[in-house]
Amino acid sequence: MPVRIRLQRHGKKGKPFFWIVAADARSKRDGKYLEKIGTYNPNTNPATIDLNVDSAVQWLHNGAQPTDTAKAILSYKGALLKHHLDGGVRKGALTQEQADAKLATWLNAKAGKVDAKKDGLSKAQADAKAKAFKAEQVANEKRMAAIADAVKAEEVVEAAAEVTEEVATEEVVEVEAAAEVTEEVAAEEVVEAVAEETTEAPAAEENNEEKEA
């Protein structure tokens, strides 16, 4: 029975989560499997891989063939290297102690690279947060300046409206005063006209009397 080491998809839509399984090559991708040997979560950075290296190596010893993605995962976790070193031990090319030492050295170097990547990601995230915070501060300063300008403009408009209202009030007062003066002048002219008529009337009567006499 041909055996494949491959990924079996689980998880939500848009957030896949994979099981690493050894399954019959003729079964469906997400169908029955012979053994679950690990998990793979690509949603984190770096990706989270939990692998039973001994089980994976045993399946490789038994002739199981990994898919391309599964092969990359097995290589990342050192399963392929252990499988290769075990082959050397079986052939007598090196002892088990030498194989274990080589594997330990490789795993330590790999762990150092992973830690360096995590540190780099943490620094990049910190820099991105600092940059975003600075950009937010600049945006807030611009927003406050715009608000201050708007308030100042509103105060100018209100002051102009008050001045216009005062000028209009003064003009109304001046017009009313001019109207009063005009009325006074007109009243004086009427009084003078009446007085003249009153003076002319007796004189006319006297002239009429003299003519009659």
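**A walk through the predicted structure**

In helix H2, which spans residues 68-76, the residues Ala 70, Ile 73 and Leu 74 are buried. These three cover an arc of only 100° around the axis, and therefore they lie on the same side of H2. A general rule helps here: an α-helix has 3.6 residues a turn, so residues three or four places apart point the same way. Just after H2 comes Gly 78, whose phi is positive, at about 90°. It should be kept in mind throughout that this is a predicted model.

From the helix we can turn to the strands, where burial follows another pattern. Strand E4 covers residues 48-51, and along this strand the side chains alternate, with Ile 49 and Leu 51 pointing to one face, where they are buried, while Thr 48 and Asp 50 point to the other face and are not buried. This fits what is expected in general, since in a regular strand the side chains alternate between the two faces of the sheet. E4 is joined to strand E3 by 4 bridges, and the two strands run antiparallel. One residue of E4, Thr 48, is the bridge partner of Asn 41, and the hairpin that joins E3 to E4 does so through 6 residues.

A second hairpin is made by E1 and E2. Strand E1, residues 3-12, is joined to E2 by 10 bridges, and these strands run antiparallel. This hairpin has 2 residues between the strands, and in it Gly 14 takes a positive phi near 85°. Strand E1 also pairs with strand E5, residues 65-66, but here 2 bridges join the strands and they run parallel. Within this pairing, Arg 4 stands opposite Gln 65 in E5.

Going back to the pairing of E1 with E2, we find Val 3 opposite Asp 24 in E2. The side chain of Asp 24 also meets that of Arg 26 in a salt bridge, with 3.1 Å from N to O, and the structure holds 1 salt bridge. Are the two partners buried or exposed? Asp 24 has a relative accessible area of 16%, and because buried means under 20%, this residue is buried. Arg 26, by contrast, counts as exposed, because its relative accessibility of 65% is over the 50% cut-off.

The aromatic residues offer another way to follow the chain, and the count comes to 2 aromatic pairs. Phe 18 and Tyr 40 form a stacked pair, with 6.0 Å centre to centre and 25° between the planes. This pair links distant parts of the chain, for Phe 18 belongs to strand E2 (residues 15-24) and Tyr 40 to strand E3 (residues 35-41), 22 residues apart. Both Phe 18 and Tyr 40 are buried.

Trp 19 and Tyr 33 form an aromatic pair that is edge-to-face, with 6.1 Å centre to centre and 90° between the planes. This pair too links distant parts of the chain, since Trp 19 is in strand E2 and Tyr 33 is in the loop between E2 and E3, 14 residues apart. How accessible are Trp 19 and Tyr 33? Trp 19 counts as partly exposed at 22% relative accessibility, and Tyr 33 likewise counts as partly exposed at 36%. Trp 19 has a further contact, in that Lys 36 lies over its face, at 4.0 Å from the ring centre.

Terms used. Residues are numbered from 1 along each chain as its sequence is written. This is a predicted model: local features need pLDDT of at least 70, side-chain atom pairs count only at pLDDT 80 or more; totals for chains, interfaces and linings use all residues. Side-chain values use heavy atoms; hydrogens and water are left out. A salt bridge is a side-chain nitrogen of Lys or Arg within 4 Å of a carboxyl oxygen of Asp or Glu. Buried means under 20% relative accessible area, exposed over 50%, partly exposed in between (1.4 Å probe, protein chains only). Rings of Phe, Tyr and Trp (its six-membered ring) pair if their centres lie within 6.5 Å; planes under 30 degrees apart count as stacked, over 60 as edge-to-face and the rest as tilted. A charge sits over a ring if NZ of Lys or CZ of Arg is within 6 Å of the ring centre and within 35 degrees of the ring normal. Two strands pair if DSSP finds at least two bridges between them. The arc is that of the directions from the helix axis to the C-beta atoms.
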